[in-house]
Amino acid sequence: MEGTNRLPMPRRRRRAKGASISSANFKFLIMCVVVITGMIVGAAIIQRGYAIYYTKGLFEDFISLRQSHGFFSVFFSSIGSVLILLIIVFISGLSAAGIPISFAALIYKGLGLGLTCGYLYLSYGFNGLLFSVVIIVPHAFISSVALILACRESSRMSMFIFSQLLPESKYYKLWNDFKLFCRRYLIILVISIISCFIDAMLSKLFINLISL
């Protein structure tokens, strides 16, 4: 009979959709592993006694800003640091060679977090660990998720662009993909702004209560 080897249309669509979701989740998981690897490397660098003075200087600036400035100064400073990476990753998504840049941004994010938390624990023990958990980790976690989502979207867009450069590629209009790319980045930007608000709020509430 004709069509006996073909799945019904709704079932085939569900299966294709499931495969797409699974692929997206796999990419997200891989990028999470990259960030965690960067954190482990950063902590190991500090434990071996490297980059201590560099990290100490950055942390002193971090403390000084939050102790001597108001909520909105901390908020906008936090947004500035987050936006730098997001803009770099966004631009990389518009390049056929952007995937390595996305992964480099993830490593940088994880490395910075590992250096900071490792330095706090090494220098201040339990108080440093408490400071990390209360003030640094909430913002770092949410902003890391936002960056991972951004890198996933940029890698996807970059792959589409790269596929158009292959010798046997067929012409494919990327306008709809680009619009989806921009819409998703707006959502990521909102998540990043929320993380910066949390950073400023926790800093003003608790930074003077935790003695280092």
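Four salt bridges were counted in this predicted model. Two of them involve Glu153, which pairs with Arg152 at a closest N to O separation of 3.8 Å and with Arg184 at 3.0 Å. The bridge between Glu153 and Arg184 links distant parts of the chain, since Glu153 belongs to helix 5 and Arg184 to helix 6, with their positions 31 residues apart in the numbering. Both Arg152 and Glu153 are buried. For Glu153 the relative accessible area is 4%, and this residue is therefore classed as buried, the cut-off being under 20%. Arg184, in contrast, has a relative accessibility of 33% and is therefore counted as partly exposed.

A further salt bridge joins Arg156 to Asp177, with the closest N and O atoms 3.5 Å apart. Because Arg156 lies in helix 5 and Asp177 in helix 6, this pair ties together parts of the chain that are 21 residues apart in sequence. Asp177 has a relative accessibility of 8% and so counts as buried. Through shared partners, salt bridges connect Arg152, Glu153 and Arg184 into one network.

The nonpolar interior was examined next. The largest nonpolar core contains 26 residues, of which Leu86, Val89, Leu106, Leu147, Ala150, Cys151 and Ile188 touch the most other members. At least two residues of this core come from each of helix 1, helix 3, helix 4, helix 5 and helix 6. Val89 is one of the residues in the group with the most contacts to other members. When residues up to four places away in sequence are left out, the contacts of Val89 are Ser102, Ala105, Leu147, Ala150, Cys151, Ser154 and Tyr185. A second core, separate from the largest, consists of 13 residues, among them Ile63, Leu113, Leu115 and Ile210.

Open space in the model was then considered. The largest pocket holds about 1100 Å³ of space. Its lining comprises 31 residues, and those closest to the pocket centre are Phe62, Ser81, Tyr108, Gly112 and Thr116. Two or more lining residues are given by each of helix 2 (52-68), helix 3 (71-92), helix 4 (99-124), helix 5 (126-163) and helix 6 (175-206). Of these elements, helix 2 gives the most, with eight residues. By class, the lining of the largest pocket divides into 18 nonpolar, nine polar and four charged residues.

The second largest pocket has a volume of about 190 Å³. The residues that line this pocket are Cys32, Val35, Ile36, Met39, Leu113, Val137, Ala140, Phe141, Ser144, Val145 and Ile148. Leu113, part of this lining, is also a member of the second nonpolar core. Helix 1 (9-47) and helix 5 each supply at least two of the lining residues, and helix 5 gives the most, with six. The lining of the second largest pocket has 10 nonpolar residues and one polar residue, while charged residues are absent from it. The lining of the largest pocket, by comparison, includes four charged residues.

Helix 5 recurs in these results. Helix 5 carries Glu153, the partner of Arg184 in helix 6, and supplies at least two residues of the largest nonpolar core. Helix 5 also gives two or more residues to the lining of the largest pocket and the most residues to the lining of the second largest pocket.

How values were computed:
Residues numbered from 1 in each chain as written. Predicted model: local features only at pLDDT ≥ 70, side-chain atom pairs only at ≥ 80, totals over all residues. Heavy atoms only, no water. 1 Å grid on protein atoms, 1.4 Å probe; cavity = no way out; pocket = protein on both sides within 12 Å on 5 of 7 lines; lining within 4 Å. Points joined across faces, edges and corners; volume = space filled by probe spheres on them. Helix = DSSP H or I, 4+ residues; strand = E, 2+ residues; numbered from the N terminus. Nonpolar A, V, L, I, M, F, W, Y, C, P; charged D, E, K, R; others polar. Core = buried A, V, L, I, M, F, W, Y, C linked by side-chain atoms within 4.5 Å. Buried < 20%, exposed > 50% of the residue type's maximum accessible area, 1.4 Å probe, protein only. Contact = heavy atoms within 4.5 Å. Salt bridge = Lys/Arg side-chain N within 4 Å of Asp/Glu carboxyl O.
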